[in-house]
Structures are given as C-alpha cells and as structure tokens.
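Hi,

Here is the model I promised to pass on. Have a look at it first, and my notes on the ligands and domains follow underneath.

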Amino acid sequence: MTIESNISLKPYNTFGIDARAKYFTEITSADDFREILGDKNLSGEKKLILGGGSNMLLTKNYDGLVIRNCIPGIEITSEAEHHVIVKANAGVVWHQLVLWAIERNYGGIENLSLIPGFCGAAPMQNIGAYGVEIKDVFYELEAVDIHTGDLVKFGLADCEFGYRESVFKGKYKGQFLITSLSLRFVKLNSPHAFVQYRFKTDYGDIKETLGQMQAFDLSIKVVSDAVIKIRSLKLPDPDKIGNAGSFFKNPVISKEQFETLVAKYPVMPGYLQKDGSVKVPAGWLIEQCGWKGKVVGNTGSHATQALVLVNYGHATGNEIWQLALDIQQSVKEKFGIEILPEVNVV
Ligand code: FAD
Ligand code: EPU
C-alpha cells in the first residue's frame, strides 16, 4: 500500500471533476485499512472512502486522505439446494458481480444490471432499479469500525434500508468502511427453483423491450439484456460524458398534496406507495421547469433524462452544485416540492 500526495481525483469520479486529494491510497484488505488507522501520521487526517466514484460530487479539494476501497474477490460462502450465499468484497465492480451471477444462472440482481460503482458502496444507498433493490437479496455485510478497527457484521434489519437510504448514509455516516457484501441468490439451474422464481418484468419498459427483442423465454440473461438496452438508451455513459446518474431522489409527497397538484397539472405522473404517499418522478418535475437538455456553461440537465446532471468537460464541482441548487429552487417555486440530492456532495 502506498500513500500518494496531491493526487487529481479526476480519474476516480464519474462526474470527471478535477479536485485534488491531499493524500490518496488504494487498499486491498481490511488489514490495509487497520494499518492506516494505526499510523500516527495518518490517524489525524480526515478520511473519505471511495468506490467507483459514481455517486459523488466533489465541490472542493479534499484536505485529508482519500481511501479507494479495492478489496477484490467473490466467493460462495454457503449453498443449499435452491439458494446460494455469495460474498463479494468491496472492490468488486458491481456489474462484474451481475455478470458472474448470470454466468452461473443465479437469479436476483439481473434487474440491477449496468449500475456503475463497486459492491462496497451498493448497500450505502440500497441501490435500486427496475423494481428491485439490493435489500431484496441482501444477506449480510461486513464493515470495519473506523474508530476501533473492529470488524462488525450487519444483518438486514441493522442496515435500515429505505429508498436510496441506509444507516451508512444516515446515523452511521462516515463511521464504517464496508469490506464485503453477501447476497442470497436463487439457483435457477435447479428446475424447482426455476419454476418458483418470479422474474421482475412489470417495471417501466421491460416487457415492451423483451417483446422488441423477441425474447419469449424468460431467463436472467434476457432480463439483464432488456435492462441494459433500456438504460443505454436513456442514461449517458460516464466514460463519454461526466455524470453520477440521478442527481436527485424522486420526492415522496402526501396523497393530498398530489391530488391538489394533479388538479392543476392533470398529466403529472405519480406512483402510489404502500403507506398511501405518492412518489413523483423528479425527472418530470425538472423537465416541466424547462431544464431538460438545457446547457448552462460547462454543465446541464441531460437531453434524454432530465434528472441526470452532466459535466460537458470542464465543469467544476461547484458549477454543478450551483445548477443543482437552481433546479431545486425552481421545482420548489413551481410545485412546492423540495427535491433532495441522491448524490453525496463532498
Ligand atoms: P462512490 O461514489 O465511490 O461512493 C458513494 C458513497 O459511498 C460515498 O459517500 C462514499 O464515501 C461511500 N462509500 C463508498 N464505498 C464505501 C465503502 N466500501 N464503505 C463505506 N462507504 C463507502 N444508483 C442506483 O441506485 N440505481 C441506478 O439505477 C443507478 N444508475 C446510475 C447510472 C449512472 C450512469 C451513474 C453514473 C450512477 C448510477 N447510480 C445508480 C448511482 C451509483 O452508481 C450507485 O450509487 C453506486 O452504488 C455507487 O457506487 P460507487 O462505488 O461508485 O460509490
Ligand atoms: N420523466 C420525465 N422526464 C425526464 C425523465 C423522466 O418526464 O426527463 C418521467 C417519465 O414520466 C418517466 C418517469 O419520469 O416515466 C420515470 O423515469 P425513469 O424510468 O427514467 O426513472 P427515474 O424515476 O427517473 C429511477 C431511478 C434510477 C433508476 C430508474 C429505473 C431514482 C432517483 N432514480 O429513475 O436510478 O435507474 O428509476 O428504475 O430513483 C440513480 O439512482 O442514479 C438512477 C439512475
């Protein structure tokens, strides 16, 4: 493990922001992290944990130590007739785990195909897409307490997962380094499990896309292919244009507020939640405020998905943050709804 000084973080965040870190290192084991915690030259430094940098907006240089969590390895830790528990270490690229599961015909995360980032960050905001969230397949995770260096296990209830939320983004923010994630998959090569398995194809355009693909026999591979097709049409590729996916979360409002708004905006979309509240697509709200496809200096709201803010090449983190604040304010003024960032602003 080497500690580098004054490093540009541009290659390490998908917004492509050229902020610098006072110190930077990559760890490949929990012991590397403990070594840092015990190092008297580093123990006093502020610490920022980084995975793939795909859910982060860096608004300034980081005056401390950036630790890129690259712990490698995927292993099966237990296996039954129809299920398997798979442990992926924090540095495994999430989509590589999806491909690994598809190759073995293990069902559960095919709808989460092509989400950027590393496995260690996936539970941070309970990643979700196309009707599935990581909580649906979660078994446990391991994390190192940054104060004591102890390895702690978290079960499903401990993580307090919600829509784009967990304890690690909330009450334990900055207190744990997640080292591994264990998920429970269904073995679809077992005929009994295959018959029982419910492919999740109800969300958005999945069914329509499967039809276009003429994929009439469902498998995790075809569902994954459909999700990849839909995502590739809508979401800008961070390798070509800097972005961090949805910048804001979709706001959840009361049924009363939704009904009042629908009386004024009859085509306003909304999805009824189990508790009676309504989730409104922030992309629609932003588009109605005239931001979709708008270019503001080096930044803008993307032309095919208004919820995605982009860096056209030379934006600073502050420029993107200013755009986000302006969008937030205009949505508040027009609809009386506060949209909150999904992205971690540093
Ligand atoms: P980073 O951005 O590196 O970190 C995110 C946060 O987690 C930071 O606060 C960081 O400090 C913390 N962190 C990272 N690793 C650890 C660790 N090991 N231990 C403790 N803390 C840690 N998200 C979705 O939910 N659904 C989507 O459909 C989706 N689509 C996206 C599409 C695009 C094009 C992009 C760019 C992003 C998308 N995202 C989506 C957001 C993002 O990919 C996920 O949130 C992803 O899990 C972030 O992983 P990361 O490794 O890049 O995290
Ligand atoms: N919409 C618009 N204009 C837009 C974009 C969206 O009107 O420019 C409306 C449309 O009515 C559309 C609806 O919003 O039907 C939903 O759009 P989409 O299916 O693209 O999903 P989203 O709600 O914008 C969420 C997640 C994505 C996830 C997709 C698919 C959040 C904040 N975002 O987006 O996650 O991939 O659903 O499940 O929940 C991310 O978190 O970074 C992310 C990309």
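One term before we start: a polar contact here is a pair of N or O atoms within 3.5 Å; within protein, one must be able to donate a hydrogen and the other to accept it, and residues adjacent in sequence count only if both atoms are side-chain atoms. On that footing, a polar side-chain atom of Arg-231 sits 3.5 Å from an oxygen atom of ligand 2.

Some housekeeping. This is a predicted model, in which local features need pLDDT of at least 70 and side-chain atom pairs count only at pLDDT 80 or more, while totals for chains, interfaces and linings use all residues. Residues are numbered from 1 along each chain as its sequence is written, chains are lettered from A and ligands numbered from 1 in the order in which they are written, and side-chain values use heavy atoms, with hydrogens and water left out.

Back to ligand 2. A polar side-chain atom of Glu-342 lies 2.7 Å from one of its oxygen atoms, and Ala-306 brings a backbone N or O atom to 2.9 Å from an oxygen atom of ligand 2. Taken alone, ligand 2 exposes 820 Å², and the protein buries 82% of that (accessible areas are from the Shrake-Rupley method with a 1.4 Å probe; for residues, only the protein chains shown count as cover).

Who is around ligand 2? There are 23 residues, and the closest are Tyr-130, Tyr-163, Ser-246, Glu-287 and Glu-342 (a residue is near if one of its heavy atoms lies within 4 Å). Helix H8 gives the largest share of that shell, three residues (helices are DSSP runs of H or I with at least four residues, strands runs of E with at least two, numbered from the N terminus). At least three residues come from each of domain 2 (74–234) and domain 3 (242–345).

Now ligand 1. Arg-231 turns up here too: an N or O atom in its side chain is 2.8 Å from a nitrogen atom of ligand 1. Two backbones also reach oxygen atoms of ligand 1, Pro-116 at 3.0 Å and Phe-118 at 2.9 Å. Ligand 1 exposes 970 Å² when taken alone, of which the protein buries 93%. Its surroundings number 33 residues, with Ile-49, Gly-51, Gly-52, Ser-54 and Gly-128 coming nearest.

Finally, the domains. The assignment, which is automatic or from a database, gives domain 1 (4–69), domain 2 (74–234) and domain 3 (242–345). Taken over C-alpha atoms, the centres of domain 1 and domain 3 are 29 Å apart. Their contact (heavy atoms within 4.5 Å) takes eleven residues from domain 1 and 18 residues from domain 3. About 1100 Å² is buried between them, with carbon and sulfur atoms giving 54%; buried area is the accessible area (1.4 Å probe) that two parts lose on being put together, summed over both. On the domain 1 side, Phe-15, Asn-55 and Leu-57 lose the most area to domain 3, together 59% of what that side buries.

Cheers
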